[in-house]
Amino acid sequence: MYDGRSDAAIFTFWDDGVDEKLTALVADARVRAAAAADATALETLRTEFLGRKGGKLSAVMAGLARMPAADRAQFGKDANEAKAAIEEALDGASARLDNAALAGTLERRYDVTLSAIPPRTGSLHPLRRTLEDIAAFFRMRGFAVIMGPEVETEFYAFEAMNIPKDHPAREGMDTFYLPPGTLLRPHTSPVQMRAMQTYPPPLAVIVPGKAYRRDALDASHSFMFHQVEGLHVDRGVTFAHLKGFAADLCRHLMGQDRSTRFRPSYFPFTEPSAEIDISCGVCNGVGCRVCKGSGWLEMGGCGMVHPNVLRLAGYDPEEYTGWAWGLGIERIAMLRHGIDDIRLFIENDPAFLEQFA
Ligand code: DAH
């Protein structure tokens with residue numbers, strides 16, 4: 001007789017089979033999802049396992065109808081768990097693929113092993129660099145760096161420098177005159193007098209700054225340029241000190257292998273006066289286009305401070321002597337870097353300036 005027990009026994013067997021099928025289905029889905037190579041493969045798997053019609057889970061669940069009502073609830077629960085497990089496997093695989101794809105694009109876009117693009121930084125202007133080099137030379141030797149006014153009085157620009165009204169040297173410096181008695185200084189020399197009147201001897205200063213002359217702008221002339229003045233006054237300062245300082249400075253700026261020479265010259269504020277030349281670095285003194293065949297390049301003017309200048313400053317020329325010296329920073333920078341046009345210094349073209357970074 002059919003007692004339900006055997007019925008139950010039969011179903012236990014059948015039910016176990018279904019559970020095994022579900023377990024096997026989940027295991028299979030996990031393995032294949034983990035192996036899926038791309039999203040399309042995953043979609044195919046999703047249909048294969050979970051598709052409503054013809055999906056493997058649906059096929060197993062078709063057995064539900066044949067189950068005794070008492071077991072349906074449990075089976076339905078197991079099937080739902082299996083479905084959730086398969087979905088989880090597929091979703092997990094999908095996330096894995098998404099992550100891999102993202103990592104791929106990131107890797108392509110950002111190679112973290114590449115060195116960083118250096119930020120654009122500013123750099124010192126070549127004139128400033130030359131000036132800093134000159135200043136470093138003198139600071140090391142105990143000189144102070146001082147500045148004076150660019151709008152100067154006619155007195156300091158000329159008379160104080162031993163250049164009286166009718167002196168031809170005034171014509172050599174085509175000056176921008178301002179309201180009566182003032183001008184744009186045509187050289188930095190007037191600061192010599194301002195310094196000496198301010199400080200008692202001994203005095204050792206350099207004076208960098210702008211100077212102005214009514215020159216038409218061309219490759220070698222500018223209405224505004226820079227000079228550095230040097231002045232050393234003390235007891236017992238001689239022309240030999242001047243020669244030593246000048247030769248050392250020239251080599252400091254242009255290279256230790258260069259030679260220097262002094263040519264007699266004339267400046268109203270020095271006596272005796274000289275011009276300092278340095279051997280041409282391009283032809284090594286043989287003569288070339290840069291040195292115009294002479295083998296020498298002019299570095300600046302210098303001399304022993306004129307007694308009239310010392311006296312006007314309140315220094316006793318019987319007790320104190322000094323040397324003075326002046327050079328154009330543009331000219332030195334041009335010689336140092338092989339720059340052939342003075343206008344480049346004020347045009348602010350980054351392509352030019354970046355070369356000195
Ligand atoms: N002041 C002169 C000029 O502008 C340069 C100069 C020459 C300065 C000789 C000096 C010096 O101190 O001693 O042309």
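These numbered points walk through a predicted model, from its cores and ligand site to some single residues.

1. **The main core.** Start inside the protein. The largest nonpolar core has 43 residues. Phe138, Trp323 and Trp325 touch the most other members of this core. The elements that give it two or more residues are α5 (126-139), β4 (203-212), α9 (239-254), β7 (270-279), β8 (296-305), β9 (321-328), α11 (329-337) and α13 (350-353). Helix α9 provides the largest share, seven residues.

2. **A second core.** Another core lies apart from the largest one. This other core has 27 residues. Phe158, Ala160, Met161 and Val305 are among them.

3. **Trp325 in the main core.** Which residues does Trp325 contact, leaving aside its neighbours within four places in sequence? They are Ile134, Phe138, Val228, Glu229, Gly230, Leu249, Ile276, Gly301 and Cys302. One of these, Phe138, is itself listed with Trp325 among the core members that touch the most others. Trp325 is worth keeping in view, as the ligand brings it up again.

4. **The ligand shell.** Now turn to the ligand. It is surrounded by 15 residues. The closest are His187, Ser189, Arg213, Gln227 and Glu229. By class, the shell holds eight polar, five nonpolar and two charged residues. Strands β5 (224-234), β8 and β9 each supply at least two residues of this shell. Both β8 and β9 also give two or more residues to the largest core.

5. **Polar atoms at the ligand.** How far is a polar side-chain atom of Glu229 from an oxygen atom of the ligand? The distance is 2.6 Å. Backbone atoms take part as well. A polar backbone atom of Ala324 is 3.1 Å from an oxygen atom of the ligand. For Trp325, a polar backbone atom is 3.3 Å from a ligand oxygen. On its own, the ligand has 360 Å² of accessible area, and the protein covers 91% of that.

6. **Helix α11.** Which residues of α11 are buried? Ile329, Glu330, Ile332, Ala333 and Met334 are. Their cover includes α5, β5, α9, β8, β9 and α12. Helix α11 also gives two or more residues to the largest core. After α11 comes Gly338, with a positive phi near 65°.

7. **Asp341, buried in a loop.** Asp341 sits in the loop between α11 and α12. Is Asp341 buried or exposed? Asp341 counts as buried because its relative accessible area is 16%, and the limit is under 20%. Its side chain makes a polar contact with the side chain of Arg343, at 2.9 Å. Leaving aside neighbours within four places in sequence, Asp341 is in contact with Asp218, Ala219 and Met334. Met334 is one of the buried residues of α11.

8. **Asp91, a partner farther along the chain.** Asp91 belongs to helix α4 (residues 69-109). At 44% relative accessibility, Asp91 is partly exposed. The side chain of Asp91 makes a polar contact with that of Arg46, at 3.1 Å. In sequence, Asp91 and Arg46 are 45 residues apart. In space, they are 9.7 Å apart, C-alpha to C-alpha.

9. **Two cis peptide bonds.** Some backbone geometry deserves a check. Most residues other than glycine have a negative phi, and most peptide bonds are trans. Pro201 and Pro202 are joined by a cis peptide bond, with omega about 0°. Pro202 falls in the loop between α8 (190-198) and β4. Glu271 and Pro272 are also joined by a cis bond, with omega about -5°. Pro272 lies in strand β7.

10. **Two positive phi values.** Lys292 is not a glycine, yet its phi is positive, near 50°. Lys292 is in the loop between β7 and β8. With a relative accessible area of 76%, Lys292 is exposed. Asn348 also has a positive phi, about 55°, and is not a glycine. Where is Asn348 placed? It is in the loop between α12 (344-347) and α13. Asn348 counts as exposed because its relative accessibility is 53%, and the limit is over 50%.

Definitions and conventions:
Residues numbered from 1 in each chain as written. Predicted model: local features only at pLDDT ≥ 70, side-chain atom pairs only at ≥ 80, totals over all residues. Heavy atoms only, no water. Core = buried A, V, L, I, M, F, W, Y, C linked by side-chain atoms within 4.5 Å. Buried < 20%, exposed > 50% of the residue type's maximum accessible area, 1.4 Å probe, protein only. Helix = DSSP H or I, 4+ residues; strand = E, 2+ residues; numbered from the N terminus. Contact = heavy atoms within 4.5 Å. Near = heavy atom within 4 Å. Polar contact = N/O pair within 3.5 Å; in protein donor to acceptor, adjacent residues only side chain to side chain. Areas by Shrake-Rupley, 256 points an atom, 1.4 Å probe, with all protein chains shown as cover. Nonpolar A, V, L, I, M, F, W, Y, C, P; charged D, E, K, R; others polar.
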